[in-house]
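Here are a few notes to help you find your way around. Keep the viewer open and follow the points one at a time.

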Amino acid sequence: MNSVQGLLAASVISIQNSCFIYPACQNCFSRLILDSRRFTCLKCGCTGEAKDASYRYRLSLKIADTNDLFDITVFGRCLDPFFGVTAENLQRYIQDFNQLSGETNTEATTRALVQAVETCFIGKRFIFGV
């Protein structure tokens, strides 16, 4: 799944969702089901304490080359340089910020993050390995 079949130079037209970080299974990278104390991976059955869950980037984009539009999803550590931190650290910063600011409604934090990601990606041209 990690082998690149070709390269595509394209511009980012839009960000497809506002969820850039997800709790990921360390074995199979599937999304974990979290409750207040535990996590479970429905794909491979891995379980653990919620505080030990790892996080991973998932950025869904609509991109365009000179001829076509594409929906593409970029996963994992390749996004670390764009965000400046690992997904785990960004998740920790967001949680710490919300806790320190007493923010109970995390929509404001999510909106600010979405706006920053849109500013950094929309209208920019990248080379995607597909």
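1. Let's begin with helix α3, which covers residues 107–121 of this predicted model. Its 15 residues reach 21 Å from the first C-alpha to the last, close to the 21 Å expected at 1.5 Å a residue.

2. Which residues of α3 are buried? They are T109, V114, V117 and F121. Looking down the axis of α3, you will find its buried residues within an arc of 130°, so they line one face of the helix. Turn to the other side of α3 and you meet R111, Q115 and T119, which are exposed.

3. It is worth checking what the buried residues of α3 pack against. Their partners are the strands β1 (7–15), β6 (54–64) and β8, together with the helices α1 (80–83) and α2 (87–101). Just after α3, have a look at G123, which takes a positive phi of about 85°.

4. Helix α2 can be read in the same way. For its 15 residues, a span of 21 Å should follow from 1.5 Å a residue, and the end C-alpha atoms are indeed 21 Å apart. Buried in α2 are A87, L90, Q91, I94 and N98. Seen down the axis of α2, these buried residues stay within an arc of 100°, so they line one face of the helix. Q99 and L100, on the other side of α2, are exposed.

5. The buried residues of α2 pack against β2, β6, α1 and α3. Just after α2 comes G102, with a positive phi of about 70°.

6. Now for the aromatic rings: how many aromatic pairs does the structure hold? There are 8. One of them joins F20 and F83, whose ring centres are 6.4 Å apart and whose planes stand at 45°, so the pair is tilted. F20 lies in the loop between β1 and β2 (21–24), while F83 is in helix α1, so this pair ties together parts that are 63 residues apart in sequence. Both F20 and F83 are buried.

7. Another pair to look at is Y22 with F75. The ring centres of Y22 and F75 are 6.5 Å apart and their planes are at 85°, so the pair is edge-to-face. This pair also links distant parts of the chain, with Y22 in strand β2 and F75 in strand β7 (residues 69–75), 53 residues apart. Y22 counts as buried, because its relative accessibility is 4%. F75, at 38% relative accessibility, counts as partly exposed.

8. Two further ring features deserve a visit. F20, Y57, F82, F83, F121, F126 and F128 form one aromatic cluster. If you followed point 2, you will recognise F121 as one of the buried residues of α3. Elsewhere, the charged end of R56 sits over the ring of F29, 4.1 Å from its centre.

9. Finally, please take a look at I127. Its place is in strand β8 (residues 125–129). Is I127 buried or exposed? I127 is exposed, because its relative accessible area is 63% and exposed means over 50%. Leaving aside neighbours within four places in sequence, I127 is in contact with L7, L8 and A9. The C-alpha atoms of I127 and S11 are separated by 8.7 Å, although these residues are 116 residues apart along the chain.

Key
Residues are numbered from 1 along each chain as its sequence is written. This is a predicted model: local features need pLDDT of at least 70, side-chain atom pairs count only at pLDDT 80 or more; totals for chains, interfaces and linings use all residues. Side-chain values use heavy atoms; hydrogens and water are left out. Helices (H or I, at least four residues) and strands (E, at least two) are DSSP runs, numbered from the N terminus. Buried means under 20% relative accessible area, exposed over 50%, partly exposed in between (1.4 Å probe, protein chains only). Contact means heavy atoms within 4.5 Å. The expected span of a helix is 1.5 Å times one less than its number of residues. The arc is that of the directions from the helix axis to the C-beta atoms. Rings of Phe, Tyr and Trp (its six-membered ring) pair if their centres lie within 6.5 Å; planes under 30 degrees apart count as stacked, over 60 as edge-to-face and the rest as tilted. A charge sits over a ring if NZ of Lys or CZ of Arg is within 6 Å of the ring centre and within 35 degrees of the ring normal.
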